Amino acid sequence: MVPKLGAHMSTAGGVSKAFERGRSIGCDTMQIFTRNQNRWDNKPLAADEIERWHAAASATGIAPVVSHASYLINLGSPDDALWEKSIEAMVDELQRAEALGLLGVVVHPGAHMEQGEEAGIARVIAGLDRIHAATPGFRTLTLLEITAGQGSTLGYRFEHLAAMRRGAANPERIAVCFDTCHAFAAGYDLRTPETYAATMAEFDRVIGLDLLKCFHFNDSKGALGNRKDRHEHIGKGGIGLSGFAHILNDPRFVHVPMILETPKSDDMHEDVENLAVLRSLIHS
Ligand SMILES: [Zn+2]
Ligand SMILES: [Zn+2]
């Protein structure tokens, strides 16, 4: 078995177009936006586009696919109007993802906006409960993403994510996306065999490794613990090649999708290079 590698793919021209793009650069897995990530209001996915999606999924074999939720969503917001809009938007994200058969919707847990972390976490839990109550029986998971801890964002400690899941009425709907840049910026080291083992043991103790359902593979422009969300190409940042090699060769993660979110241009040559670098790190 070799790990499943891929990248965030554009859906310009329709969500189903992402598969052809993904295939053209050798993705085994991928992430997409199912709606405009910078707008609150979006047209629903058309039935024929959903059909084209499933046809392209079987034709290319790219799986699993995850989506990334809108950056506007803040389930931790103390502002009722923004919080309600966030819940509504996340319900829409899950409905789209469920129709497309996605593994999960990756979402940043939220920011407490100076209410304090405990109040912020309680607010996120209340939001998640509303979202899951509105989408009963869905198979698509809500994937809470580890964050770098910029500003008042929550989710930069494994304990935050564990508390959100533990407090939720439907914990079985919730798992975690491990972003390497965010984790490193939050202070979780991956660079040596010892620090890598310690980070994953900590994840296992606090959250449980069976709940790690997706990796975002980004190197970090900043140093360990710098709390900045700045993605860098693989091997060019603070994490370096060794950190990625540890994950790629860890048999516990052979079925977990590993997805690039590194800077790219329209021809995607940076993705091609980053995927080649990652594949070169896999021990045969
Ligand atoms: Zn990410
Ligand atoms: Zn990021």
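# A tour from the zinc ions to the salt bridges

Start by selecting the zinc ion (ligand 2): its four donor atoms subtend angles of 51 to 136°, which makes the arrangement irregular. Keep in mind as you click around that this is a predicted model.

Which residues hold this ion? Show the side chains of His 182, Asp 229 and His 231. Each histidine offers its NE2 atom, while Asp 229 appears twice in the list of donors through OD atoms, and the distances run from 2.0 to 2.8 Å. If you follow the chain from donor to donor, the spacing reads H-x46-D-x1-H. Now colour by accessibility. Asp 229 has 30% relative accessibility, so it counts as partly exposed. His 231 has a relative accessible area of 19%, and because buried means under 20%, His 231 counts as buried.

Next, hop across to the zinc ion (ligand 1), 4.4 Å from the zinc ion (ligand 2). Select Glu 145, Asp 179, His 216 and Glu 261 to see what coordinates the zinc ion (ligand 1). The histidine uses ND1 here, the acidic residues use OE or OD atoms, and the distances are 2.0 to 2.2 Å. Along the chain these donors are spaced E-x33-D-x36-H-x44-E. The angles among the four donor atoms go from 86 to 171°, and this site is irregular too. Take a look at Asp 179 and His 216: the pair links distant parts of the chain, with Asp 179 in strand S6 and His 216 in strand S7 (residues 212-217), 37 residues apart. Are these two buried or exposed? Both Asp 179 and His 216 are buried.

Now for a helix. Select residues 117-133, which make up helix H4. Want to try a quick ruler check? At 1.5 Å a residue, its 17 residues should span 24 Å, and the end C-alpha atoms are 24 Å apart, which agrees. Plenty of H4 is tucked away: Gly 120, Ile 121, Arg 123, Val 124, Ile 125, Gly 127, Leu 128, Ile 131 and His 132 are buried. What covers them? The cover includes helix H3 (80-100), strand S5 (141-145), helix H5 (158-167) and strand S6 (174-179).

Stay on Arg 123 for a moment. At 17% relative accessibility, Arg 123 counts as buried, and it forms a salt bridge with Asp 80, with the closest N and O atoms 2.7 Å apart. This pair also ties together distant parts of the chain: Arg 123 belongs to helix H4 and Asp 80 to helix H3, 43 residues apart.

How many salt bridges are there? The count comes to 15. Here are a few more stops:

- Select Arg 52 and Asp 48, whose closest N and O atoms are 3.7 Å apart. The two sit four residues apart in helix H2 (residues 47-60), so about one helical turn separates them. Arg 52 is partly exposed at a relative accessible area of 43%, and Asp 48 is partly exposed at 42%.
- Select Arg 205 and Glu 202, a salt bridge with closest N and O atoms 3.3 Å apart. Being three residues apart in helix H7 (residues 193-206), they are separated by about one helical turn. Arg 205 is exposed, with a relative accessible area of 61%.

There is a general reason to look for such pairs on one side of a helix: an α-helix has 3.6 residues a turn, so residues three or four places apart point the same way.

For the last stop, select Arg 35, Asp 92, Glu 93 and Arg 96, which are linked in a network of salt bridges.

Technical notes
Residues numbered from 1 in each chain as written. Chains lettered and ligands numbered in written order. Predicted model: local features only at pLDDT ≥ 70, side-chain atom pairs only at ≥ 80, totals over all residues. Heavy atoms only, no water. Expected span 1.5 Å × (residues − 1). Buried < 20%, exposed > 50% of the residue type's maximum accessible area, 1.4 Å probe, protein only. Contact = heavy atoms within 4.5 Å. Donors = N, O, S within 2.8 Å, 3.2 Å for Na, K, Ca; no water. Tetrahedral: all angles 85-135°; square planar, octahedral: opposite > 155°, others 65-115°. Salt bridge = Lys/Arg side-chain N within 4 Å of Asp/Glu carboxyl O.
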